[in-house]
Amino acid sequence: MRPEAAKDWLLDLAAPDIANFVRGNVREGTGSQFRILQSVRGVSAGYFQVLRGALHFTAHLEVAESVISLGGGTVLAVDSVGYPIAVEFLKGEGRICLLPPPNNIPADRMGAALVKVITAHFNRTGQVDAPGWAGEITVPGASIHDSQIEELTRRTEELAAQITALKEDREKLLGYVRLLFGYGKAVLEPAVRSAFRLLGFAVPEPEEYEGEWDAELRDTQSGRTALGEIEGSEGVIDVDKYRQLLDYIEAETQEGRSHKGILIGNGFRLLAPDAVERQNQFSEHAQRGAARNQFCLLPTTELFKAVCAVLEAPENEVLKAAIRESLLATTGPWGFARERGTEDTSISNQIHQR
């Protein structure tokens, strides 16, 4: 259902009374979570079957179901508050169906949904729609499965919520792949900050501190801090971001605050992680400057390796602490390697400077 539905001239021509009713009660409100009423069997049921998971509504009717019934309408689905978002009106030999639109689907899928609705309508031409009072008539045994249906519906909703949560967890983990090809404030920077948090650093969002640097890290165990600048490039990471980081570090030093400088680079980002060019992502100028000011140069390809190692052993605090210690102690390019067959207690031999 769309807010503009109340303004469609076609609806005014076909059923001015319904058009006025919809126009007077339609309200904007977007969402994709809704409930199909089990007690209703309209011709639009096939529409919901074909377009399951792709429907979203941008409006609802702010009116009780009983009012719609009095007007000859049937509510098919309601939003989380209980407002109708899918309604059918019987008009002579035809029907007016107000339904939520699909989002980003191929034309053939939409066509299949419409065919379902049209076919269901013409298959019912020999049937008679029940008047409103018919719903109050009881039939022995008709409600025998109501409790089971209610329980199954509840379990279905719980499972749907669990599936949604699991999908969100999966997407969060897959987001770390952006460390290998991302750039910019919207993609690479959030992925880098999330990775540092996974390693055990306290990392605020940029709006939570006054500085202009891309990342602020605090090792809560040692109390040491670091400022980071993040750059994604299709070529080598040169001195521009290094100079920016140096300005921040020197300004903080003048204020009596000492930080480690970490330049985080995703050089040659469009090449595969094992490409030869990826083995040396920082220019000679950046490396000389880092050596002079004891900055750490952190390729995001190496940060991704560290993330994967922590995800494989999320309870291993020794591993996380060793990575943090190494990052804060390294001058120049940093690399991560884990030797097969070694114990985590030998972690100091697995994290190294290049």
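**Sheet, surface patch and salt bridges in a predicted model**

Trainee: Which residues form a nonpolar patch on the surface?

Mentor: This is a predicted model, in which local features need pLDDT of at least 70, side-chain atom pairs count only at pLDDT 80 or more, and totals for chains, interfaces and linings use all residues. Residues are numbered from 1 along each chain as its sequence is written, and side-chain values use heavy atoms, with hydrogens and water left out. A patch takes residues with over 30% relative accessible area and no salt bridge, joining like charges within 9 Å and nonpolar side chains (Val, Leu, Ile, Met, Phe, Trp, Tyr) within 5 Å. With about 310 Å² of accessible area together (Shrake-Rupley method, 1.4 Å probe, only the protein chains shown counting as cover for residues), the nonpolar patch consists of Leu114, Ile118 and Phe122.

Trainee: Is Asn25 buried or exposed?

Mentor: Asn25 lies in helix H2 (residues 16-25); helices (H or I, at least four residues) and strands (E, at least two) are DSSP runs numbered from the N terminus. Leaving aside residues up to four places away in sequence, Asn25 touches His60, Leu61, Glu62 and Val63, where contact means heavy atoms within 4.5 Å. Buried means under 20% relative accessible area, exposed over 50%, and partly exposed in between (1.4 Å probe, protein chains only). Because its relative accessibility is 17%, Asn25 counts as buried.

Trainee: What is the order of the four strands in the open sheet?

Mentor: Two strands pair if DSSP finds at least two bridges between them. Strand S4 (residues 73-79) and strand S5 (residues 84-91) run antiparallel and are joined by five bridges; Val75 has Val87 in S5 as its bridge partner. The pairing in the open sheet is antiparallel, and the order is S2-S4-S5-S6.

Trainee: Which residue forms a salt bridge with Lys91?

Mentor: A salt bridge is a side-chain nitrogen of Lys or Arg within 4 Å of a carboxyl oxygen of Asp or Glu. For Lys91, the closest N and O atoms are 3.4 Å apart, and the partner is Asp17. The pair links distant parts of the chain, 74 residues apart, with Lys91 in strand S5 and its partner in helix H2 being Asp17.

Trainee: How are Lys320 and Glu317 separated in helix H11, and by about what?

Mentor: The side chains of Lys320 and Glu317 meet in a salt bridge (3.4 Å, N to O). Lys320 is buried at 11% relative accessible area, whereas Glu317 is partly exposed at 44%. Because they lie three residues apart in helix H11 (residues 317-329), Lys320 and Glu317 are separated by about one helical turn.
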